[in-house]
Amino acid sequence: MDDLTADQLAELKRDLEALHDVLEKVLTGNQEDSNPVDLDLPIGRVSRIDAIQQQKMAQANRRTQELRLQQVRAALKAMREDEYGYCRGCDDSIAYQRLKARPETPFCVDCKKRLESRKR
């Protein structure tokens, strides 16, 4: 597989930087959504259960976004060290189309499939 061109790398770097900024803003903005529910509030039992469910969903979403932000930072670091675009599983080049869809991904499609099949 061919390595990325300079234009492709520049485009992917812009994509990563933009994604980094978006994730940081989202994480800053939804901090309150994942705060604990005040059990002393005078609301009904169903409303309290709904509030707790919403909180759990916000916390799970936050963890996913935090992980993605870590991956974006790792990808930017790999880019600075000229290691970006190579699969951490097999060390082959990751296809440009895959990086364009998920610029933070550290795995090629085949290695990602193998990892996901092990989790099942």
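Biologist: Below what relative accessible area does a residue count as buried?

Modeller: This is a predicted model, and the term rests on a cut-off applied to each residue's relative accessible area. Exposed means over 50%, and partly exposed lies in between. A residue is called buried when that area is under 20%.

Biologist: Is P106 buried or exposed?

Modeller: P106 is located in the loop between helix 3 and helix 4. Its relative accessible area is 15%. Because the cut-off for burial is under 20%, P106 counts as buried.

Biologist: Which residues is P106 in contact with, leaving aside its neighbours within four places in sequence?

Modeller: The C-alpha atoms of P106 and G85 lie 7.6 Å apart in space, although 21 residues separate P106 and G85 in sequence. With neighbours within four places left aside, the contacts of P106 are Y86, C87, R88 and I94.

Biologist: How does Y86 count in terms of relative accessibility, as buried, partly exposed or exposed?

Modeller: Y86 belongs to the loop between helix 2 (45-80) and helix 3 (96-101). Its relative accessibility is 32%. Since partly exposed covers the range between under 20% and over 50%, the class of Y86 is partly exposed.

Biologist: Which residue is joined to Y86 by a polar contact between side chains?

Modeller: Leaving aside neighbours within four places in sequence, Y86 is in contact with D3, D91, D92, S93, I94 and P106. For one of these, the side chains form a polar contact with a distance of 3.1 Å. That partner of Y86 is D3.

Biologist: Which elements give two or more residues to the lining of the largest pocket?

Modeller: The largest pocket holds about 270 Å³ of space. Its lining comprises 14 residues, and those nearest the centre are Q71, R102, T105, P106 and K112. The elements that contribute two or more lining residues are helix 2 and helix 4 (109-119).

Biologist: How many residues of the lining of the largest pocket are charged?

Modeller: The lining can be divided by residue type. Nonpolar residues number 4 and polar residues 3. The charged residues number 7.

Biologist: What percentage of the residues in the chain is buried?

Modeller: The chain has 4 helices and 0 strands, in the order α-α-α-α along the sequence. Of its accessible surface of about 8600 Å², 49% belongs to carbon and sulfur atoms. Among the 120 residues in the chain, the buried share is 27%.

How values were computed
Residues are numbered from 1 along each chain as its sequence is written. This is a predicted model: local features need pLDDT of at least 70, side-chain atom pairs count only at pLDDT 80 or more; totals for chains, interfaces and linings use all residues. Side-chain values use heavy atoms; hydrogens and water are left out. Buried means under 20% relative accessible area, exposed over 50%, partly exposed in between (1.4 Å probe, protein chains only). Accessible areas come from the Shrake-Rupley method with a 1.4 Å probe; for residues, only the protein chains shown count as cover. Contact means heavy atoms within 4.5 Å. A polar contact is a pair of N or O atoms within 3.5 Å; within protein, one must be able to donate a hydrogen and the other to accept it, and residues adjacent in sequence count only if both atoms are side-chain atoms. On a 1 Å grid over the protein atoms alone, a cavity is a set of points where a 1.4 Å probe fits but cannot get out, and a pocket is an open set with protein on both sides within 12 Å along at least five of seven lines; lining residues have an atom within 4 Å of a point. Grid points are joined across faces, edges and corners, and a volume is the space filled by probe spheres set on the points. Ala, Val, Leu, Ile, Met, Phe, Trp, Tyr, Cys and Pro count as nonpolar, Asp, Glu, Lys and Arg as charged, and the others, Gly among them, as polar.
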